Every structure is written in structure tokens, then in C-alpha cells.
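Here's a quick briefing to read alongside the structure. Have a look at the picture first, then work through the notes below.

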Amino acid sequence: MVGEFEYLILSAAARLGDDAYGAAIRREVEEATRRRCSIGALYTTLDRLQNKGLVETWMGEATPQRGGRAKRMVRVTKKGAQEASSFYRAIMRASRSVSWGMQ
Amino acid sequence: MTRWVIPRSILNIWVARASRMLEPEDREALCGDLAESGVSGFDALCDVMDLVIRRQVASLREVRPWLLLTLLAIPLGFLLSVISRETADGSAIYLWLYTDNWNLDLARTLGYWRALAECLPSVYLSGSALVCSSLAAGLLIGTIVRRGRWLSTVGLITVLLCAGTLGVPHELRFILTLGRARDYSEMPLCLPIRSTERYIHKFLRCSFACCLLFMEQTRHPSRASSTHGSVSNVDRIRDIGGALVSQSSSWWFLHLGTNGP
């Protein structure tokens, strides 16, 4: 099963679709968690996900706003989607009839 | 209390320097992300160093860097240590003789300049061989070891320092220098082509040329674009190495021509 941070990256990449790349995924994760996302953690986790076959990455085109640098594009694989879905269901099951409340 | 503030321009130079420790694709993606997010200065430096450290730590978990350290960096460190020590021994004697005894009276004698002219090619050759050996070793490690390069670099420097300070066992010296020690004992020094020069010529003609050829062959086509600074630097160093080889070879032939059998 994937970890919490891996799940955050998988769901951000899935939400972004064809526009999923390093900086965009980082923004999505920061917005979702309202915490700073380390770029080092992001890229090492992406490597791990790639090694597990959960995502595919490739170098995309360079854009002027990136100072002519290429993007590292990300796509969630079928296996990645299944793993993320499995993690989500597990969290939902674990949270059943638990009311955390707003203490 | 005075607060030290490092100018942003200097921090950005550090960011650029630190990002060179990353693989070309990582560097490209990371620098692009930083530019797009508008992150610069200290925050950018922290981000780059974060990834660099994570990458280096991750590479230590693999077998390949340790294998290359054992099979490549440590033997090369010993070899370089032997070569540098012998170069220093040979050159130091000549240089000490000519510099320590130098005075105006001696400088007026023709014999002094003649003897100096005779020893200079040898000093130059051994120095060139040392430079070429170091270049070849560094480039070889840099070409073969992609991830975990720092482990090999640290290993090489540690071996160089330890072997340079503590010395290398005679048996190991014999193996590393391909029987050079035996050449010394069997060949009288009065012979015009001494074993040192024979070794240097052999190294410059064969080993160094083979190293350069190997590096040329193993260069990946996708890395050939000039966008990656490391490749252009390798090309530049290789050009310098090639120039040194050709120059050193011509010096050797010149030396052989004047003192040949």
C-alpha cells in the first residue's frame, strides 16, 4: 500500500492530468495540506513511485517562465490509480463511525 | 547584534553551483521549478541542497557506488599516490639541486644551463604524466560513476591522502606500476631511455589515450547537447588532456632525439 505522502502526490498528479509536473504537483500538495512541501521530498517520492511502477515520468518541453528549463512530466499509471484507490478505501474504512469533532 | 545578510546574487551563484551536483535531468527540472515558483536566494539554496543530500543518501543504499569505490576509486587512488610520490621524488631532487645551489657564478657557467636543459624535459614529462593520470582518473570516475559520485570522490581523496602520508606497500607498488619497480632494479640509470620515461611514454601513448577513447565511446548521445554544463566541461577537459598528451609526446621524442641510443 502507498504511504500518505505518496497518496498526496498520486492524487495531485491524477487531478492535474496532462499538466502534472514537479512545480504544479508541489502547489497542489501545498494547497491540500496547507503545509510547505519540500521539493527534495517531492522528487525522491516521485522516484520511488516510478520504481514501484505507480507513475511514469519524462522530460517535457521548456517554457520561457521556467527560464527555458524543461519540466519533469508525471502520469499516474493504472497500477498507481489502483493503489491510490486502495489507500483511499482503507482510510475511509478506518474512519468509519469515528467522529473527530472540532475540539 | 549584527545580522549577516548574504547578497541574493551570491546566494544564486551558490544555488547554481550546488545544482551541478545533481544529475542533468534533475537539475533541469529543479531549476525550472524554482524559476517558475519565483523562489530564489536562501530558500532556493535550501531546496537544492535538500534534493542533493537526499539523492546522495539514496545512492549509498545501492550496491553499484560501493562496488565502483572498491574496484575503481581505491585502486586509482593508490596508483595516483604512487605516481605522484615518484614524480615528487624525481622532480624534487632535480629542482632542489638547481634552485638551492643557484648563484650568479654558477649561472655564468655553460655546464649549469646545459645540465638544467637536460633535466627539464624529464621533469616536464613526469609532471605531465601526473597531470594526465589525474585527469584520466577523475574523468574515468566521473564517466562511469553517475550516481554516488561523491562517495568515489571522497574515497579517492582519502586513499590519496592516506597512501601519500603512510606510503604504499612495495608489493602493491609493483602491481600498480606494472613492474616498474623491477625495471628500476634491473636497468642501470645511465641508460639513455630510463624506465621512468619508458613508463611515461607508455602511459601517455596507451593508457591515457585508451581512457579518453573509452570516455568518448561511453558518452550518451542525449547528453551531448550544450544545455548541460557538465558535458561541455568534460569536452573542455578532454581537449586540455589531448593537448597535454600531444605536447608531452613531442617533448619525449625531442628528448629521445637528443639523447637517444
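How many disulfides does the structure hold over all chains? The count is zero. Keep in mind that this is a predicted model. The notes start with the cysteines, then go on to the cores, the aromatic rings and one strand residue.

**Cysteines**
- C31(B) has a relative accessible area of 16%, so it counts as buried, the cut-off being under 20%.
- C46(B), at 36%, is partly exposed, because that value falls between the 20% and 50% limits.

**Nonpolar cores**
- Nonpolar side chains tend to be buried together in soluble globular proteins.
- Here, the largest nonpolar core is made of 33 residues, and I25(A) and L30(B) have the most contacts inside it.
- Both chains chip in: at least two residues of this core come from each of α1 (4-16), α2 (22-33), α3 (39-51) and α4 (78-95) in chain A, and from each of α1 (8-19), α2 (24-37) and α3 (41-60) in chain B.
- The largest share, six residues, is supplied by α1(A).
- Another core, this one of twelve residues, lies apart from it; L68(B), L76(B), L80(B) and A137(B) are among its members.
- Back to I25(A): leaving out residues up to four places away in sequence, I25(A) touches I9(A), A12(A), A13(A), L16(A), A20(A), L42(A) and V74(A).

**Aromatic rings**
- If you search the whole structure, you find one aromatic pair over all chains.
- The partners are Y7(A) and F87(A), with ring centres 4.8 Å from each other.
- Why is the pair called tilted? The planes are 35° apart, and stacked needs under 30 degrees while edge-to-face needs over 60, so this pair falls into the remaining class.
- Y7(A) sits in helix α1 of chain A and F87(A) in helix α4 of chain A, so the pair ties together parts 80 residues apart in sequence.
- Is F87(A) buried or exposed? Its relative accessibility is 12%, so F87(A) counts as buried.
- A different ring has a lysine for company: K71(A) lies over the face of Y21(A), 4.4 Å from the ring centre.

**A strand residue, T63(A)**
- You'll find T63(A) in strand β1 of chain A, which covers residues 55-63.
- T63(A) is buried, because its relative accessible area is 11%.
- Which residues does T63(A) touch, not counting those up to four places away in sequence? They are G68(A), R69(A) and K71(A).
- So K71(A) turns up twice, as a contact of T63(A) and over the face of Y21(A).

Methods:
Residues are numbered from 1 along each chain as its sequence is written. Chains are lettered from A and ligands numbered from 1 in the order in which they are written. This is a predicted model: local features need pLDDT of at least 70, side-chain atom pairs count only at pLDDT 80 or more; totals for chains, interfaces and linings use all residues. Side-chain values use heavy atoms; hydrogens and water are left out. A nonpolar core is a set of buried Ala, Val, Leu, Ile, Met, Phe, Trp, Tyr and Cys residues joined through side-chain atoms within 4.5 Å. Buried means under 20% relative accessible area, exposed over 50%, partly exposed in between (1.4 Å probe, protein chains only). Helices (H or I, at least four residues) and strands (E, at least two) are DSSP runs, numbered from the N terminus. Contact means heavy atoms within 4.5 Å. Rings of Phe, Tyr and Trp (its six-membered ring) pair if their centres lie within 6.5 Å; planes under 30 degrees apart count as stacked, over 60 as edge-to-face and the rest as tilted. A charge sits over a ring if NZ of Lys or CZ of Arg is within 6 Å of the ring centre and within 35 degrees of the ring normal. A disulfide is a pair of cysteine sulfur atoms within 2.5 Å.
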